[in-house]
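Q: Can we go through this model piece by piece? I'd like to start with one helix and then move to the contacts.

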Amino acid sequence: MIQEPTTIGLSPEQHANLRSLESAGVFHRLIDAYRFAAGLGMAHGGFDKSNQSRSTIFNVGTVDPDRTLYEAVLAIRENENEPVYRSLERYAEWGVAELTKLHSGGEVELGPVLKEAESLID
Amino acid sequence: MRLNKITFKNFMPYRREQSVVFSSGSRNVVVVYGDNMRGKTSFLNAIRFAFFGYATARHLRNIDRINLINDEAKAIGDWTLSVSVEVETASAVYELRRELRPLQHVAHPTSDADLHETFSMRKDGVPVTGKDRAFEMNQLMPEGISRFFLFDGELLQEYEILVRDTESAPKIKQAIEHVLGVPALTKGGDEIRTLLNQAQERQADDLKQLRSLTSQAEQQRTLQKQIHTLREAQARQRAEYDKLEARASDLQQRLESMSRAVDLARQLHEMESELKLINGQITSARVRRADLLQDAWRDLIEPQTVLVRRGLEEERDEHLAKVRSNAVTLSQIDTVRKSLAASECVTCDQTLKPSATARLVDRLKDLEHALAHSQTGLDRVSQLSNQIEQLAKIRGLGLADRVIEAERQLRGLLVSRTSTQNKIAEVRQALREFETDAVERVRAEREQVLTLAASIEREMGTRAADIAGRTRKLDQISRMLSRNPEARGHRSSRLVAAYGALDRIFTAGVDILRDRQRQRVEDYASSAFSQLTSEQDFKRLSINENYGLTIIDEKGREVPERSAGAEQIVAISLIDGLNKAGRRGGPIVMDTPFGRLDWVHRKNVLSFLPEMAEQVVLLVHEGEMERERDLPLLKHRISKVYRINRISSRESEIVLEHEEFDS
Amino acid sequence: MPEEVTADDIVLDILLTLRHEHQAPISDRLVREIYALQKLHQFEAERDKVILGTKRAVESEVDAGDEM
C-alpha cells in the first residue's frame with residue numbers, strides 16, 4: 001500500500017497562475033480554483049506527466065475532506081504506481097495551465113467548459 | 001419678385017452642388033420634406049445668405065461664416081462655399097452669386113477673418129456693379145422685409161413671445177414697419193430735419209444783419225448751438241448704448257452655450273452614478289459566479305466517474321452471473337457424489353451399472369474442474385460493489401446552465417460598463433471647453449451691462465425730450481422769422497420755410513401712416529384668421545402698437561389665453577396681413593409652419609397658403625404634413641416636391657421626388 | 001380683397017393730404033420727388049445720395065419760385 005502524502009500543491013509557475021485566477025475574482029478562494037482545475041484535468045484526461053517539484057499549498061484534508069476526489073482519481077487514473085494524491089496533483093497542474101490559457105483571452109467563460117464536460121458521457 | 005432656382009455647394013449640410021427649382025404659374029407651391037436637423041432651416045438660410053450674406057440661428061443671431069461651410073468639405077480641406085439664386089421680376093431676370101473662399105495665404109481657416117467673400121449680380125445676363133448693386137438689391141428684396149418672407153418655424157412659434165420680450169420686440173416692430181413703408185418717412189424725416197437745421201443756421205447768419213430781428217436771430221443761433229451740442233452728446237450716448245447692447249447679446253449667447261455646460265455636467269454626474277451602479281452589479285455578478293464555481297468541480301469529475309462506475313457495474317454483473325453458475329455446478333456435483341456413494345441414481349432410484357458409474361465419475365471430474373477454474377467469488381463481487389458504492393456518491397450539481405446564465409449577465413454588464421465609460425469620456429471632452437464657475441460671472445456681468453444700458457436709455461430719453469423742447473422753440477422762432485416781411489426776402493428764409501413744411505408733413509405723416517397701416521394689417525390679418533380658424537367664437541384680430549395681435553371673440557372681448565396652434569394661426573395671419581399691406585409682395589418661404597396645428601387647422605392653412613403669395617415654399621417634416629392626407633389638399637397647386645435625405649450626420653442632399661404633384 | 005392699393009400709394013396719399021391741410025408753401029411735385037428718393041433708397045446704409053437729392057430738389061423749387 002503506497003503511502004499517501006498529507007499535503008498537495010503545484011509547480012511554482014502554476015501556483016502563480018492559480019493566485020492570478022483568484023485575484024481576478026473568478027474564484028473566491030485558491031482552493032476553489034485548485035479543485036476546479038483538478039476537475040478540469042479529470043474531465044479531459046489532462047495529466048501532467050512531468051516530475052517537476054511541486055510546492056506545498058494545501059493540506060489533503062482541507063482539499064478533500066470527504067475523500068470524493070480520492071475516490072474519483074482512484075477510479076479514473078491509469079497510473080497505479082504512485083499515491084492517489086500525487087495523481088491529483090498532476091490533474092490539477094494540467095488544469096491550472098488550461099484555465100490560465102482560457103483566462104488570457106480576457107474574461108474567462110467557464111459555463112461552456114462545464115457544459116462540455118457533461119457531454120463527454122452522453 | 002419670384003424665385004426661379006437656387007444652387008448651393010458646401011453650404012451647411014449640403015456638400016455636393018445641388019439645386020432646387022421653384023414653382024411658376026398656377027402651381028405656385030413647392031414642398032420640401034426633411035426630418036428635423038436635416039437641413040430645412042439651412043435651406044432657408046441659403047436663400048438668406050444668397051441675398052444678404054448672412055445666415056441666422058436661434059434667437060435671430062447670425063452664424064459665423066466659418067460655420068456655414070460644410071464639415072465634410074472642411075475635413076478634406078475644401079474651404080469654399082457658394083450659393084447662387086436666380087430671381088425674376090416683371091422687368092428682368094437676376095442672378096445673385098455669393099462665395100466664400102479662404103484668403104490667399106491661408107491654408108486652414110480658423111475664423112471669419114481668414115475668409116473672403118465675393119458677391120456678384122447679373123441683370124439679364126449683364127453684370128451689375130458698385131452702387132447700382134445696392135439699388136437693385138433694394139428693388140428685389142429689401143433686407144428689412146426678409147424676416148417676414150423667409151419665415152422660419154421659430155419665428156412662427158415664438159411670435160407672441162418675441163413681441164412681448166423686451167429684447168426682441170423692438171427688432172420685430174422695426175422689421176414690420178420696414179415692410180409697411182414707415183422708414184421712408186422716419187429716415188426721410190430725419191434727413192429733412194438735418195437739412196432744416198442747416199438752413200436755419202444759414203438763416204440765422206443772414207438775419208443777424210437785420211436789426212429788428214437780431215434778438216430772435218440770436219435766440220435761433222443759441223438754440224441751434226445747444227441742439228447741436230445735445231445731438232452730439234446724444235450720438236455718443238447712442239454709440240455707448242449700442243455697444244452695451246451688443247455686449248449683453250454676446251454675454252447672453254455665452255450663457256446659452258454655458259447652459260449647455262451645465263447640461264453636460266448634469267449628464268456627466270448621471271453617467272458617473274450609473275457607472276458606479278454598474279460596477280456594483282458587476283461585482284455582484286462575479287460573486288454569484290464564484291459562488292457557483294465553488295462546487296462546480298463536482299460536475300467536472302462526475303462524468304468520468306460515471307463512465308468508470310458503469311464499467312464496474314458491468315464487471316460485477318458478469319461476476320454475479322458466474323457466481324450463480326457456480327452454485328448450479330455445486331449442486332450438480334453434490335447430486336453426482338450422492339449417486340456414486342449410493343451406487344444408485346438419486347434422480348431415478350435405479351441401481352448404477354458399471355458403465356454408468358464410470359460416466360458419473362468422469363462427469364464429477366469435469367464439474368470439479370470447472371468449479372476449480374472459475375475465477376470468481378463473492379469477495380470480488382463485494383469488492384466491486386464497494387467501489388461502485390463509493391463512486392455513486394460522487395454527484396454533480398448540474399451547475400452548467402446556471403454558470404452560463406451568470407456569465408451572460410456578467411458579459412452584458414461589462415459591455416454596459418464600457419459603453420458608459422466611453423460616453424463619460426466624450427462628455428468630459430466636451431466639458432473641457434467650459435468652465436462651470438464662469439456661468440455666474442457671465443450672468444453677473446450681463447446684469448451689470450443691462451442695468452447700465454437701462455440707465456443710459458433713460459438719460460437718452462431725457463435728452464431727447466430736451467432736444468425736442470428746444471427744437472419746438474426753434475421752429476416757432478423760425479416760422480415767425482419766415483413770416484416776417486423783411487426776413488421773407490432772404491432765400492435762406494424760404495428754404496427754412498420749405499424744409500420746415502416738409503418736416504411737419506413727414507413727422508405728422510409717420511403717425512398717420514402707422515395707424516393706417518396697422519388698421520390695414522389688422523383687417524387683412526383678421527380676414528385671413530377667419531379663414532384659418534375653426535373656432536366659431538373667434539371673431540377677429542386686434543393689433544396693438546407693437547404689432548402684437550389679440551384674438552377678439554364675438555362679444556368683443558379679448559381672448560386671453562391661446563393654444564400653441566392658435567398662436568401659429570395668428571402668426572400666419574400676420575404674415576398674410578403684412579404681405580397684403582406691405583410695400584412689396586414676394587415669395588413666402590416657411591419653415592415648419594404646421595408644427596402645432598391639429599388636423600382641422602392644418603387643412604385650413606393648407607387651403608389658404610397658396611393664396612398668400614405668388615410663390616410659396618413649404619419646408620416641412622413628415623410628421624407635420626403627411627403625404628397621403630395633406631398633400632392631396634394642395635394637389636393642383638404643387639409644382640414640385642423635394643426631399644432632404646440624410647447622407648451622414650454631416651451631410652444631406654435635396655432630391656426631387658415629384659413634379660406636378662397630382663397624387 | 002379687391003383693393004389694389006399699395007403701401008407706396010398710401011404713404012404718398014398721406015403726404016399729399018397733409019401738404020394740403022397744412023397749406024405748406026411747397027408743391028405736390030416736390031413732395032412726390034422727395035418721397036420717390038426715400039422709396040428708392042429706403043434700405044441703403046449710405047444716405048448721402050438721398051440727402052443731396054432732397055437738398056437739390058428743395059433748392060430748385062425755392063429758386064424757381066424766386067424767378068416767378
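Q: Is helix 1 of chain B largely enclosed or not, and how many of its residues are buried?
A: Twelve of the 13 residues of helix 1 of chain B are buried, so that helix is largely enclosed by the rest of the structure. Buried means 20 or more other C-beta atoms, placed from the backbone, within 10 Å of the residue's own; exposed means 12 or fewer, and partly exposed is in between. Helices are DSSP runs (H or I, at least four residues), numbered from the N terminus. This is a predicted model: local features need pLDDT of at least 70, side-chain atom pairs count only at pLDDT 80 or more, and totals for chains, interfaces and linings use all residues. Residues are numbered from 1 along each chain as its sequence is written, and chains are lettered from A and ligands numbered from 1 in the order in which they are written.

Q: Which residues of helix 1 of chain B are the buried ones?
A: Among them are B:K40, B:F43, B:L44, B:N45, B:R48 and B:F51.

Q: What span should that helix have, and what comes just after it?
A: Helix 1 of chain B covers residues 40-52 and should span 18 Å at 1.5 Å a residue (1.5 Å times one less than the number of residues). Its end C-alpha atoms are 18 Å apart, which agrees. Just after the helix, B:G53 has a positive phi of about 80°.

Q: New topic. How many residues are in the contact of chain B with chain A?
A: Chain B puts in 25 residues and chain A 28 residues, where contact means C-beta atoms, placed from the backbone, within 7 Å.

Q: Which helix of chain B gives the most there?
A: Helix 9 of chain B, with eleven residues. By class, chain B's side has 17 nonpolar, four polar and four charged residues. Nonpolar is Ala, Val, Leu, Ile, Met, Phe, Trp, Tyr, Cys and Pro; charged is Asp, Glu, Lys and Arg; the others, Gly among them, are polar.

Q: And chain C against chain B, how many residues?
A: 33 residues of chain C touch 38 residues of chain B. Helix 3 of chain C supplies the largest share of chain C's side, ten residues. That side has 18 nonpolar, six polar and nine charged residues.

Q: Last one: how do helix 8 and helix 13 of chain B cross?
A: Their axes (lines fitted to C-alpha atoms over the stretch in contact, angles 0 to 180 degrees between N-to-C directions) come within 7 Å and cross at roughly 160°. That makes helix 8 of chain B roughly antiparallel to helix 13 of chain B; under 35 degrees is roughly parallel, over 145 roughly antiparallel, 65 to 115 roughly perpendicular and the rest oblique.

Technical notes. Two residues are in contact if their C-beta atoms, placed from the backbone, lie within 7 Å. Helices (H or I, at least four residues) and strands (E, at least two) are DSSP runs, numbered from the N terminus.
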